[in-house]
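Visitor: I would like to understand the terms used for this structure. Could you take me through them one by one?

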Amino acid sequence: MEDIIKSAMAGVASLDDRDKIDMRGKTYTMVAQRVQAFRAEAGVEGQILTEVIEQTDQRVMVKASISVWRDGAWSLVANDFAEEYRNQGPVNKTSALENCCTSAIGRALSAAGLSGGEYAS
């Protein structure tokens, strides 16, 4: 398990600056690039699961979990949550659930050590 995560962390750390964005003066590696680095190392031995905790007309909350296959079973590496409000911003008006899933996955990857810069809040 640690080898997969360490290798994925190295992959994220080695990403070119063109794969990162400046977010309020801090370097941030996009979730898509971090998922790609995780998948490149873990393949089918890596798992990213999302679970909708709450979905109402006002709010969406999602939990994401990162696991790796080890010794014949899935081993949880990290998890984290995200929350989005449907009335905040144009993206959330139409795609709050998708945005929340992406945020939760990004936070869980950061909790696993795959932040690639900043741990977004």
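Guide: Gladly. Let us begin with K6, which sits in helix 1. Please keep in mind that this is a predicted model.

Visitor: Why is K6 called exposed?

Guide: The relative accessible area of K6 is 53%, and exposed means over 50%, so K6 counts as exposed. As for its place in the fold, the C-alpha atoms of K6 and P90 are 37 Å apart in space, with these positions 84 residues apart in sequence.

Visitor: M9 is in helix 1 too. Why is M9 called partly exposed?

Guide: M9 has a relative accessible area of 33%. Buried would need a value under 20% and exposed a value over 50%, so M9 counts as partly exposed.

Visitor: What does M9 touch, leaving aside its neighbours within four places in sequence?

Guide: M9 is in contact with A112, G113 and L114. From M9 to Y28, 19 residues along in sequence, the C-alpha distance is 14 Å.

Visitor: And G11, how do you know which class of exposure it belongs to?

Guide: G11, also found in helix 1, has a relative accessible area of 25%. The cut-off for buried is under 20% and for exposed over 50%, so G11 is partly exposed. Its C-alpha atom is separated by 5.8 Å from that of A37, although the two are 26 residues apart along the chain.

Visitor: Let us go on to strand 2. What makes T29 count as buried?

Guide: T29 lies in strand 2, residues 26-29, and its relative accessibility is 0%. Buried means under 20%, so T29 counts as buried.

Visitor: Which residues does T29 touch, not counting those up to four places away in sequence?

Guide: The list for T29 is V12, L15, D19, K20, R34, S115 and G116.

Visitor: R34 brings us to helix 2. Why are helix 2 and helix 3 called oblique to each other?

Guide: Helix 2 spans residues 31-42 and helix 3 spans residues 89-111; they pack at an angle of about 55°, and their axes are 10 Å apart. Roughly parallel would need an angle under 35 degrees, and roughly perpendicular one of 65 to 115. The angle of about 55° fits neither range, and the two helices are therefore oblique to each other. As for handedness, their crossing is left-handed.

Visitor: Which residues make that contact?

Guide: From helix 2 come V31, R34, V35 and F38, and they meet T102, I105, G106, L109 and S110 of helix 3. Sorted by class, this contact has five nonpolar, three polar and one charged residues.

Visitor: V35 belongs to helix 2. How do you know whether V35 is buried or partly exposed?

Guide: The relative accessibility of V35 is 23%. Buried requires a value under 20%, and exposed one over 50%, so V35 counts as partly exposed. Leaving out residues up to four places away in sequence, V35 touches I48, I105 and L109. V35 and S67 are 32 residues apart in sequence, and their C-alpha atoms are 13 Å apart in space.

Visitor: What about D71: why is it called exposed?

Guide: D71 is found in the loop between strand 4 (59-70) and strand 5 (73-85). Its relative accessibility is 75%, and the cut-off for exposed is over 50%, so D71 counts as exposed.

Visitor: What is the phi value of D71?

Guide: Phi of D71 is near 55°, a positive value in a residue other than glycine.

Visitor: Now the whole protein. In what order do its elements run?

Guide: There are three helices and five strands. From the N terminus on, they run α-β-β-α-β-β-β-α.

Visitor: What makes the protein as compact as a globular protein of its length?

Guide: Its radius of gyration is 15 Å, and the globule rule gives 14 Å for 121 residues. These values are close, so the protein is as compact as a globular protein of that length. Along the principal axes, the C-alpha atoms fill a box of roughly 40 × 35 × 15 Å.

Visitor: How many of the residues are buried, as a percentage?

Guide: Buried residues make up 34% of the 121 residues. On contacts, taking those with a separation of 6 or more, residues 24 or more positions apart account for 50%.

Key. Residues numbered from 1 in each chain as written. Predicted model: local features only at pLDDT ≥ 70, side-chain atom pairs only at ≥ 80, totals over all residues. Heavy atoms only, no water. Axes fitted to C-alpha atoms, helices over the stretch in contact; angles between N-to-C directions. Helix = DSSP H or I, 4+ residues; strand = E, 2+ residues; numbered from the N terminus. Parallel < 35°, antiparallel > 145°, perpendicular 65-115°, else oblique. Left-handed = near helix turned anticlockwise from the far one by under 90°. Contact = heavy atoms within 4.5 Å. Nonpolar A, V, L, I, M, F, W, Y, C, P; charged D, E, K, R; others polar. Rg over C-alpha atoms; globule rule 2.2 N^0.38 Å. Buried < 20%, exposed > 50% of the residue type's maximum accessible area, 1.4 Å probe, protein only.
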